[in-house]
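Visitor: I'd like a close look at one loop and what surrounds it in the chain. Could you start there and then walk me outward?

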Amino acid sequence: MNSHGMHETGDEAYFYSNYTWKELRELPAERRVVLLPVGSTEDHGPHLPLDTDNYLAWSVCVETAKRIPDEVLVMPLIPYGYNLHHIDFPGTICVGAEHFINYVADVCKSVAYHGFQRILIVDGHGSNVPLLDVAARRVILETDALCASFIYTNLIKDVCRRIRESAHPGGMAHACELETSLFLYLSERRVRKSEIQKDINLPPSKYIFLDLVDGSPVQMMDWWSSFSKTGVVGDPTLATKEKGRQMFEAVAERMVELVREFRDRPRGPRQDMHAEKVTGLFGLKP
Amino acid sequence: MRARETYLYNRLTWPEMNDAIELEKVVILPTGSTEQHGRHLPLDVDLFLAESVCHELGRRAPDKVLVLPGIPYGLNMHHLDFPGTIHIQPEHFIDFCLDVTKSVAYHGFKRIALVNGHGSNQPLIDLIARRTVLETPSICCAFGYFAMGRDEYERLLESTVHAHADEMETSLYLHFAKERVRMDQAVSGDDRVGRYMSSDSTKVVRFNDFWGRWTRTGVHGDPTKASAEKGKRILEIILTHMLAWLEEYRVWPVEARQDQHRQPVQREVRW
């Protein structure tokens, strides 16, 4: 059982921490892309468990690794994220924004130190997105590696638009048709089906709404208990296992494509354009 | 009731979490690391063993505990010369874990514990537990799972140094997941030892040197003496003590503080 209580056989060669140090030192030469799954421990309505974001991000990474085991390494997942806005729902664990960024950046910097050149942070929790953006940018500026981050749903926006029956946009945000379909497909027995209910009670707006696939033009995050009684924003009654299968297949296919592109992405050297010698501030060598 | 039968924190939904809070479950946060453990053990030893021990405790007392997802990365720069080791700066580690324990306290769980699998996290989890006590209405304690029943299980061991990727850790790993141990690669290793200090802090003076300075294997102790059978017996000893600790902790009083000042204190002071 791994850190989120999921059973894996555990000896697969795509898990970073299954290696010994002596074995691992051969791997940077193979130009593997390191996948760091990041999630949250957070309420997901009365029908899904708190590990939803962790479980989905983890499943996406493992499925990708099964398809291209020699090209990636999956790191242990970071199970806590940024979500004070959910704290009124029992069980939610929130890590402060700067604490989260620092922790993630330290992990990626260690990976870069060992010689890995390509790191992908795979996120399962919407509110981590801007923080992981900063973390990934810091890794590029503070190491020699390339680091990128994304929430997995961003890879399948077109597919979700085609499949979804929820109101568009603003009808599919959290413990919704999308997340519930994926969970039904991946672990049906853990979904409390009798508890599934629709809850969309944000004030109607053209500019401010919540949607996992098509976010609003203006960003605002109010306390969730002020507009949701269930912790759901969306309509999970529309979720089906088949929709989940189609979404998951699409994510996995595109992850493979992304990993391969990222792995071979060309990169020129930095060039100093100053006429005079620079001063060496910001921890940069003059 | 699902909250009574489930010992994994994040397998519950939020309405079920209300039941768990009512049951006054002890919430346990395992802390580990991703770190070299010699040529015979994988990098996940500290996380895997801390979580495995806590999950076994949960299986035996599901109505009394909730085990959180473990913290997978810890303080480790002294191991960085060994490929794969992940280092978190000490203040970042404290900030991150403290946010977790404070969130748990916020929800109304009165008793929280950090159960550690990585020696170098020890001073940090001590501080996290203390700060959780001082900054929330809950109580919080911390210990290394390996400290429970140590005198007893040490009698089962043939080697005398117990530090890292050693007879004890290797035996436990053999018990839990034999197929992942490269026993043919196991070798024993010592640190540099003086009269008062040693490079891995086994003497009276606290001192941790870069491991790349004094070992080529990353081992401190003698894993060649390890066996799955020893691991099973060590685990039983550890769990006997952890179950007894759990009973003690569950009823540990959380009393109102008593202010002994004659004049009113300055409540506006911000720490």
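Guide: Let's start at B:Ser201, which sits in the loop between helix 7 (167-177) and strand 6 (220-221) of chain B. Keep in mind that this is a predicted model. What makes B:Ser201 worth a stop is its backbone: phi is positive, about 60°, although the residue is not a glycine. As background, most residues other than glycine have a negative phi. Is B:Ser201 buried or exposed? Neither, quite: 16 other C-beta atoms lie within 10 Å, so B:Ser201 is partly exposed. To be called buried, a residue needs 20 or more such neighbours, and to be called exposed, 12 or fewer.

Now on to the sheet of chain B. Four strands make an open sheet here, in the order 2-1-3-4, and the pairing is parallel. At its edges are strand 2 and strand 4 (139-144) of chain B, each paired on one side only. From one strand to the next, the twist averages 25°.

Strand 1 of chain B deserves a slower look. Three bridges tie it to strand 2 (residues 65-67) of chain B, and the two run parallel. If you want to find the register on screen, B:Val26 has B:Val65 of strand 2 of chain B as its bridge partner, and B:Ile28 stands opposite B:Val67. Side chains alternate: B:Val26, B:Ile28 and B:Pro30 point one way, while B:Val27, B:Leu29 and B:Thr31 point the other, and all are buried. That makes six of the six residues of strand 1 (residues 26-31) of chain B, so this strand is largely enclosed by the rest of the structure.

Some of what packs on that sheet is helical. Helix 4 (residues 90-106) of chain B touches strand 1, strand 3 (111-116) and strand 4 of chain B, and its direction makes about 170° with that of strand 1 of chain B. Helix 5 (residues 122-135) of chain B packs on the sheet too, touching strand 1, strand 3 and strand 4 of chain B, with about 170° between its direction and that of strand 4 of chain B.

There's also a helix pair to look at in this chain. Helix 3 (residues 45-60) and helix 8 (residues 228-250) of chain B pack at an angle of about 60°, their axes 10 Å apart. These two helices are therefore oblique to each other, and helix 3 of chain B passes helix 8 of chain B in a right-handed crossing. On the helix 3 side, the contact uses B:Val53, B:Glu56, B:Leu57 and B:Arg60; helix 8 of chain B answers with B:Leu235, B:Ile238, B:Leu239, B:Met242 and B:Leu243. Sorted by class, that contact has seven nonpolar residues, no polar ones and two charged.

Step across to the partner chain. Here 47 residues of chain A are in contact with 49 residues of chain B. Helix 1 (21-24) and helix 3 (97-113) of chain A each put at least two residues into chain A's side of this contact, and helix 3 of chain A gives the most, with seven. By class, that side of chain A divides into 22 nonpolar, 18 polar and seven charged residues.

Chain A has an odd phi of its own. A:Ala175, in the loop between strand 5 and helix 6 of chain A, has a positive phi of about 55° although it is not a glycine. With 28 C-beta neighbours inside 10 Å, A:Ala175 counts as buried. Also in chain A, the peptide bond from A:His168 to A:Pro169 is cis, with omega near -15°; A:Pro169 lies in the loop between helix 5 (157-163) and strand 5 (172-174) of chain A.

One last stop is helix 6 (residues 177-187) of chain A, which packs with helix 2 (residues 52-67) of chain A at about 65°, with the axes 11 Å apart. Here the crossing is left-handed. A:Thr52, A:Leu56 and A:Ser59 of helix 2 of chain A meet A:Glu179, A:Leu182, A:Phe183 and A:Leu186 of helix 6 of chain A. That contact has four nonpolar, two polar and one charged residues.

Methods. Residues numbered from 1 in each chain as written. Chains lettered and ligands numbered in written order. Predicted model: local features only at pLDDT ≥ 70, side-chain atom pairs only at ≥ 80, totals over all residues. Axes fitted to C-alpha atoms, helices over the stretch in contact; angles between N-to-C directions. Parallel < 35°, antiparallel > 145°, perpendicular 65-115°, else oblique. Left-handed = near helix turned anticlockwise from the far one by under 90°. Contact = placed C-beta atoms within 7 Å. Nonpolar A, V, L, I, M, F, W, Y, C, P; charged D, E, K, R; others polar. Pairing = 2+ DSSP bridges.
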